[in-house]
Amino acid sequence: MRNGIPDTVALDETNGALVIIDQTALPGELKLLSLTTLEEMIDAIKALKVRGAPAIGAAAAIGLYLAVKAAGMDKFADIKAAFAASRPTAVNLFWALGRMERAALENPDGPIEALRLEALAIRDEDIAACRAIGEHGLTLLDGVEGVLTHCNAGRLAAVRYGTALAPVYAGLERGRRFKVYAGETRPLLQGARLTAYELCAAGADVTLICDSMAADVMRRGRVQAVIVGSDRIAANGDVCNKIGTSGLAVLAKHYGVPFYVCAPSSTIDPKAASGADIPIEERDGGEVTDMWYAERMAPPGVKVYNPAFDVTPGGLVSAIVTERGVVRPPYSF
């Protein structure tokens with residue numbers, strides 16, 4: 001546990017449970033869920049109780065292991081398909097499921113134990129990768145006092161350290177206190193509910209702003225870098241991330257603010273030649289019109305467009321940071 005927050009995703013071997021922080025309960029309550037059935041695990045991913053590309057991948061790996069252990073290897077294909085259908089955009093989900101399948105196929109004499117070891121490896125590798133992202137990302141922030149981030153790409157989006165916020169945490173460990181501006185991130189408010197929560201818990205200097213305030217913050221020179229995460233990176237460097245990210249990249253270009261993307265290398269999808277090849281999840285319109293409001297805030301019958309992600313062209317990305325180091329344009333993965 002760090003800063004009073006346990007790992008976002010964990011395996012409870014004794015009780016045969018996938019343990020996650022219920023992110024829909026934050027910031028009001030730090031609630032741990034012990035999920036033991038396939039239905040509970042799938043619902044947790046769909047309902048965003050666990051979210052963030054690295055965390056989804058780790059949760060799916062542990063969940064797949066537990067579900068197959070309970071149901072038997074003959075149900076592996078069905079269980080894997082159920083997890084794959086839970087969310088379409090985050091490539092870490094499919095990457096983790098693919099690793100789990102290969103582990104089982106390569107160990108026909110002990111596939112269940114192979115699945116357990118692979119799930120634990122995926123979890124441990126995520127912790128190490130995010131730590132390395134923090135170290136590499138920190139090298140880009142010499143002379144930077146203020147940073148702007150979008151959505152939640154911190155410890156709650158990964159097993160422990162996070163991606164876009166990893167350099168902030170690495171800086172805190174060295175006595176550097178960045179002034180972090182967190183965009184609220186409509187409509188699900190991951191910035192307001194999650195990023196602000198975890199940074200406050202870590203003792204960081206965080207200021208919450210509405211998404212529409214980003215241009216003003218840049219114009220006034222309050223931030224010298226924008227740092228975001230990613231759910232999928234195409235081979236040409238196009239970056240798919242939470243809706244609103246591409247607008248920030250355009251603003252950053254206009255105001256001369258570097259725009260950095262931090263993500264583990266597992267987020268890179270070489271099968272996607274460009275952002276046009278990335279499926280964009282569209283979610284229920286009630287997230288825009290009803291969620292977080294005491295009363296509905298839009299007229300009945302109004303049409304709602306609610307894409308969960310957008311694509312930022314690689315040409316607007318100053319650098320992509322993975323656990324392997326810093327990559328600058330032109331991108332070719």
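**View 1. Cys200 and Cys240, two cysteines outside any disulfide.** The sulfur of Cys200 lies 16 Å from the closest cysteine sulfur, that of Cys210, which is too far for a bond. A disulfide here requires two cysteine sulfur atoms within 2.5 Å. This is a predicted model, and the structure holds zero disulfides. Cys240 is in no disulfide either; its nearest cysteine sulfur belongs to Cys151 and is 11 Å away. As for burial, Cys200 is exposed, with a relative accessible area of 53%. Cys240 is buried, with a relative accessible area of 0%.

**View 2. The open sheet of seven strands.** The strand order is β6-β5-β4-β7-β10-β13-β14. Pairing in this sheet is mixed. β6 (205-209) and β14 (325-327) are the edge strands, and each pairs on one side only. From one strand to the next, the twist averages 25 degrees. Strands of a sheet pair through backbone hydrogen bonds, either parallel or antiparallel.

**View 3. Strand β10 and its two partner strands.** β10 covers residues 259-262. Strand β7 (residues 225-228) pairs with β10 in the parallel sense, over three bridges. Strand β13 (residues 319-322) also runs parallel to β10, and three bridges join the two. Follow Val261 across the strands. Val261 of β10 is the bridge partner of Val228. In β13, the bridge partner of Val261 is Ile320. The side chains of β10 point two ways: Phe259 and Val261 one way, Tyr260 and Cys262 the other. All of these residues are buried.

**View 4. The open sheet of four strands.** The order is β11-β8-β9-β12, and the pairing is mixed. β11 (268-269) and β12 (309-312) stand at the edges. Each has a single partner strand, so one side of each is left without a neighbour in the sheet. Strand β8 (residues 232-234) runs parallel to β11, and two bridges join them. One residue pair to pick out is Ala234 with its bridge partner in β11, Asp269.

**View 5. Helix α9 against strands of both sheets.** Helix α9 covers residues 245-255. α9 lies across β4 (146-149), β7 and β10. These three strands appear in the order β4-β7-β10 within the sheet of seven. The helix runs at about 145 degrees to β10. α9 also lies across β9 (239-242) and β12. Here the helix runs at about 35 degrees to β12. β9 and β12 belong to the sheet of four strands.

**View 6. The packing of helices α4 and α5.** Two packed helices are described by the angle between their axes and the distance between the axes. Helix α4 (residues 91-105) packs on helix α5 (residues 111-138) at an angle of about 145 degrees. Their axes are 8 Å apart. The crossing of α4 past α5 is right-handed. On the α4 side, the contact is made by Trp95, Ala96, Arg99, Met100, Ala103 and Ala104. On the α5 side, it is made by Pro111, Ala114, Leu115, Glu118, Ala119, Ala121, Ile122 and Glu125. By class, the contact has 11 nonpolar, no polar and three charged residues.

Definitions and conventions
Residues numbered from 1 in each chain as written. Predicted model: local features only at pLDDT ≥ 70, side-chain atom pairs only at ≥ 80, totals over all residues. Heavy atoms only, no water. Buried < 20%, exposed > 50% of the residue type's maximum accessible area, 1.4 Å probe, protein only. Pairing = 2+ DSSP bridges. Axes fitted to C-alpha atoms, helices over the stretch in contact; angles between N-to-C directions. Left-handed = near helix turned anticlockwise from the far one by under 90°. Contact = heavy atoms within 4.5 Å. Nonpolar A, V, L, I, M, F, W, Y, C, P; charged D, E, K, R; others polar.
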